[in-house]
Amino acid sequence: MTRTLYLFGSAAPPLFDIAWVAEAAQARGWDVCLGLTPAAAEWVAGSVDGLSALTGHPVRSRHRRPGEPDVWPEPDAILFAPATFNTVNALALGLTDRFVVGVAAEAIGKGVPMAVMPCVNTALARHPQFDQSLATLHNAGVRTLFGEHGFAPNAPGEDVVEGFPWETALAAADALVSTPHV
């Protein structure tokens with residue numbers, strides 16, 4: 001594998017597909033490093049050892065302590081999916097108290113290609129900050145995979161596991177390293 005993908009996820013139902021997504025990314029030639037929000041890490045706590053074995057890298061959900069080595073290779077691209085309402089807004093606003101949001105925010109400044117696929121319901125998608133956050137990320141060079149170009153929001157209370165457009169997300173990750181995004 002010659003390309004490194006940071007696969008980041010938030011606590012949304014499609015997260016339960018993350019092992020399959022990591023395998024699919026590996027089949028596309030990616031070396032996958034899996035990072036999770038703290039809530040997402042709790043959701044898959046029983047699978048973390050298996051996910052680490054699958055990727056060959058520790059699953060991370062917290063900032064490293066001073067003096068700890070960085071155990072991941074540098075990324076060629078970042079795919080943040082699923083990204084919750086909170087995560088999308090935190091990333092756009094630069095609120096970096098969560099490891100994966102901090103890494104993603106810094107990656108924007110470093111020019112690391114990134115795609116973000118939100119997973120929100122229709123009520124949250126109508127919140128005025130959400131559109132502003134998507135626009136902020138897009139204007140910063142992040143590919144936002146939402147609506148007709150990615151995830152279509154579901155009704156409040158509807159869990160979306162099946163039907164999450166993982167193939168679209170993986171194709172976007174591939175495209176990040178083959179074509180520049182403006």
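What share of the 182 residues in the chain is buried? Half of them: buried residues make up 50%. Keep in mind as you look around that this is a predicted model.

**Stop one: the whole chain.** Zoom out until everything fits in the window. Along its principal axes, the C-alpha trace spans about 40 × 35 × 35 Å. A compact globule of 182 residues would have a radius of gyration near 16 Å, and the chain comes in at 15 Å, so the two agree.

**Stop two: the cartoon.** Switch to ribbons and count along: you should find 8 helices and 5 strands. Now trace the chain through the sequence, and the elements follow the pattern β-α-β-α-α-β-α-α-β-α-α-β-α. Next, turn on contacts. Of those between residues at least 6 apart in sequence, 79% join residues at least 24 apart.

**Stop three: the cysteines.** Select Cys-33 and Cys-119. Are they buried or exposed? Cys-33 has a relative accessible area of 0%, so it is buried. Cys-119 sits at 11%, and because buried means under 20%, Cys-119 counts as buried too. Don't hunt for a disulfide while you're here, as the structure holds 0 of them.

**Stop four: the surface.** Show the molecular surface and spin it around. The chain exposes about 8,400 Å², with carbon and sulfur atoms supplying 54% of that.

**Last stop: the charges.** Color the charged side chains by sign. There are 10 positive and 18 negative charges in the chain. How far apart are the mean positions of the two sets? They lie 7 Å apart.

How values were computed. Residues numbered from 1 in each chain as written. Predicted model: local features only at pLDDT ≥ 70, side-chain atom pairs only at ≥ 80, totals over all residues. Heavy atoms only, no water. Disulfide = S-S within 2.5 Å. Buried < 20%, exposed > 50% of the residue type's maximum accessible area, 1.4 Å probe, protein only. Helix = DSSP H or I, 4+ residues; strand = E, 2+ residues; numbered from the N terminus. Rg over C-alpha atoms; globule rule 2.2 N^0.38 Å. Contact = heavy atoms within 4.5 Å. Areas by Shrake-Rupley, 256 points an atom, 1.4 Å probe, with all protein chains shown as cover. Lys, Arg positive; Asp, Glu negative; His and termini not counted. Charge placed at Lys NZ, Arg CZ, Asp CG, Glu CD.
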